Each structure stands twice: as structure tokens, then as C-alpha cells.
Amino acid sequence: MKYLKEIFDDWLTRTAGILFVLVVALVLFNIYSGLPEKYPLFGVINFSMVPVLFVVGGVIFMLAILRVE
């Protein structure tokens with residue numbers, strides 16, 4: 001647990017960790033749930049969230065690279 005505390009010590013890495021968990025949860029939901037096929041509008045919104053979260057992850061990655069300490 002101490003190792004995780006050292007990794008997630010600032011807001012940028014915490015945000016990246018939360019975003020990673022959201023992407024994994026959304027992908028697993030899309031694979032195993034039948035709701036997107038049953039409700040098409042929900043499916044469009046649900047499946048469009050993966051690329052949006054991917055782009056947000058890229059922005060967070062660039063902020064982490066450009067961060068000057």
C-alpha cells in the first residue's frame with residue numbers, strides 16, 4: 001500500500017488512475033452487457049465514451065510529460 005501511495009501522490013497521477021479504471025470498467029460493461037443492443041441511444045452514448053476517455057487520457061499524458069518540477 002505504501003508503494004501505491006508514492007505513485008499516486010499528486011492530482012495528475014490520481015486523475016490518470018481514475019481514468020484508467022473508468023476505461024476498463026466501460027470496456028468490460030460494453031463486452032458483457034446487453035443494454036447497448038437493447039437501447040440504441042444508450043449504446044451510442046456508451047460506445048462513444050471509450051474514444052472520448054482515450055483522448056482525455058492522452059491530454060493527461062501530455063500534461064504529465066510537460067510538467068516541470
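What follows is a student and a tutor talking through a predicted model.

Student: Let's start with the inside. Which residues make up the largest nonpolar core?
Tutor: Helices α2 (11-32) and α4 (40-66) are the places to look, as each supplies at least two residues of this core. There are five residues in the set. They are L12, L19, L26, L53 and I60.

Student: And which element gives the largest share of that core?
Tutor: We've just met two helices that each supply at least two of its residues, α2 and α4. The largest share is three residues, and the helix they come from is α2.

Student: Take I60 from that core. Which residues is I60 in contact with, leaving aside its neighbours within four places in sequence?
Tutor: Two of the partners, L12 and L19, are members of the largest nonpolar core along with I60. T15 and A16 are in contact with I60 too. So that we can cite contact properly, it takes heavy atoms within 4.5 Å. The full list for I60 is L12, T15, A16 and L19.

Student: Now the largest pocket. Which element gives the most to its lining?
Tutor: The pocket has a volume of about 200 Å³. Its lining includes A16, L19, F20 and V23, and also V50, L53, F54 and G57. Two elements give two or more residues to that lining, α2 and α4. With seven residues, the one that gives the most is α4.

Student: How many residues of that lining are nonpolar, polar and charged?
Tutor: Look at the lining: G57 and G58 are in it, and Gly counts as polar. Others in the lining include I60 and F61, and Ile and Phe count as nonpolar. The tally is nine nonpolar, two polar and no charged.

Student: G57 lines the pocket, then. Is it buried, exposed or partly exposed?
Tutor: G57 is found in helix α4, and its C-alpha atom is 9.7 Å from that of G17, 40 residues apart along the chain. The relative accessible area of G57 is 24%. Buried would need under 20% and exposed over 50%, so G57 is partly exposed.

Student: What about F61, buried or exposed?
Tutor: F61 lies in helix α4 as well, and it is one of the residues lining the largest pocket. Its C-alpha atom is separated by 12 Å from that of R14, 47 residues apart along the chain. Relative accessibility is 52% and the cut-off is over 50%, so F61 counts as exposed.

Student: Over to N46. Which residue's side chain does the side chain of N46 make a polar contact with?
Tutor: N46 lies in helix α4. At 5% relative accessibility it falls under the 20% cut-off, so it counts as buried. Not counting residues up to four places away in sequence, N46 touches L26, F29, N30 and P36. The side-chain polar contact, at 2.7 Å, is with N30.

Student: Last one: which residue's backbone nitrogen does the side chain of S33 reach?
Tutor: S33 is found in the loop between α2 and α3 (35-38). Its relative accessible area is 16%, so S33 is buried. At 3.1 Å, its side chain reaches the backbone nitrogen of L35.

Methods: Residues are numbered from 1 along each chain as its sequence is written. This is a predicted model: local features need pLDDT of at least 70, side-chain atom pairs count only at pLDDT 80 or more; totals for chains, interfaces and linings use all residues. Side-chain values use heavy atoms; hydrogens and water are left out. A nonpolar core is a set of buried Ala, Val, Leu, Ile, Met, Phe, Trp, Tyr and Cys residues joined through side-chain atoms within 4.5 Å. Buried means under 20% relative accessible area, exposed over 50%, partly exposed in between (1.4 Å probe, protein chains only). Helices (H or I, at least four residues) and strands (E, at least two) are DSSP runs, numbered from the N terminus. On a 1 Å grid over the protein atoms alone, a cavity is a set of points where a 1.4 Å probe fits but cannot get out, and a pocket is an open set with protein on both sides within 12 Å along at least five of seven lines; lining residues have an atom within 4 Å of a point. Grid points are joined across faces, edges and corners, and a volume is the space filled by probe spheres set on the points. A polar contact is a pair of N or O atoms within 3.5 Å; within protein, one must be able to donate a hydrogen and the other to accept it, and residues adjacent in sequence count only if both atoms are side-chain atoms.
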